[in-house]
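Q: Could you take a close look with me at one small part of this protein? I am new to this, so please go step by step.

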Amino acid sequence: MVKYILVTGGAGYIGSHACKALRNAGYIPVTYDNLETGWRDAVRFGPFEEGDLRDRSRLDTVFAKWRPQAIMHFAALSEIGESTRDPGKYWRANILSSLTLIEAAVAAGCFNIIHSSTCAVYGEQDHGPLREDSPLQPINAYGASKRAIEDILKTFARSTALKFVIFRYFNVAGADPAAEIGEFHRPETHLIPLAVETALGHRDTLTIFGNDYPTPDGTCIRDYVHVVDVVAAHLLGLEWLDAGNGSEVFCLGSGRGFSILELVRETEAIVGGPVPLLIGARRPGDAARLVSDSTAAEAALGWAPRRSTLERMITDAWRARSTLKHPADPS
């Protein structure tokens, strides 16, 4: 029997990689995206339905047409700096969209949802690797909105047949190893593609936001996880729910943190070009250190961050950026 999976944000970075993985696993991914931050060219592994998640009638039509067995929910605004400057935008976009999606799903009898959450729900916690039971103390509107979505899912699961798997992942990086799809944002805000573009000479400098954090070299430390590993976890989450297991929350990361300067030096070594740096002011809402403990996902799902080394993530990002035309570039 054909299994349709509704992928919200399937025209975006992680969503498009998930669609490829779903297709390769025998599913048919149905992308639902308003193309505000996604790219039409990234939708190439299944049907496309353009629409806004806050449009309940449009969602009802899509659920009736495809009758998906489950949802992978990636669609969200995710820039921490912007969420600090304009918190209302994030509360409206992320929470109202998710609430409308969940209500439409339950009404349509689609009760399995894999939700893309974030390590930003933890806020500033430097005492050790973060686990599923670590306190949730978001310090920006992005993290707060994602925590609220988790709470919405939990309340619906208590009163309906809804079941969920929530993945709190850390900095997603890299690209499809075959360079069929890549990482493109507008504007680009993610560190690895910015560093790669600078090493390639496409940018004059790379700005580091703060070098006075309480870390060994003064720059923020983050846990990076390869996008291929992230989407592999989502497929395992589908299998978890299909097997009749209950709702769960899992952290995804490599378990090791790298500073911005470590990442820049590795990029220079791999790409073979310098990455000139500018030191800017700290961004409001940035934590000094965020590192994951992913042992629960490894034990329950059999997941492992197999491709999540700096060398592989930067190499795959470099290959994709060198191979693919940026969707925003003129033809």
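How many residues apart are arginine 56 and aspartate 60 in helix H2?

A: Happy to help! This is a predicted model, in which local features need pLDDT of at least 70 and side-chain atom pairs count only at pLDDT 80 or more, while totals for chains, interfaces and linings use all residues. Residues are numbered from 1 along each chain as its sequence is written, and side-chain values use heavy atoms, with hydrogens and water left out.

Now to your pair. Arginine 56 and aspartate 60 are 4 residues apart in helix H2 (residues 56-66), so about one helical turn separates them. A helix here is a DSSP run of H or I with at least four residues, numbered from the N terminus. The two residues form a salt bridge, and their closest N and O atoms are 2.8 Å apart. That term means a side-chain nitrogen of Lys or Arg within 4 Å of a carboxyl oxygen of Asp or Glu.

How open are the two partners? Arginine 56 is partly exposed at 31% relative accessibility, and aspartate 60 is also partly exposed, at 32%. (Buried means under 20% relative accessible area, exposed over 50%, and partly exposed in between, using a 1.4 Å probe and protein chains only.)

Just before this helix pair in the numbering, aspartate 52 and arginine 54 form a salt bridge with closest N and O atoms 3.1 Å apart. Aspartate 52 is partly exposed at 23%, and arginine 54 is partly exposed at 40%.

For the wider picture, a search of the whole structure finds 17 salt bridges.

How values were computed
Helices (H or I, at least four residues) and strands (E, at least two) are DSSP runs, numbered from the N terminus.
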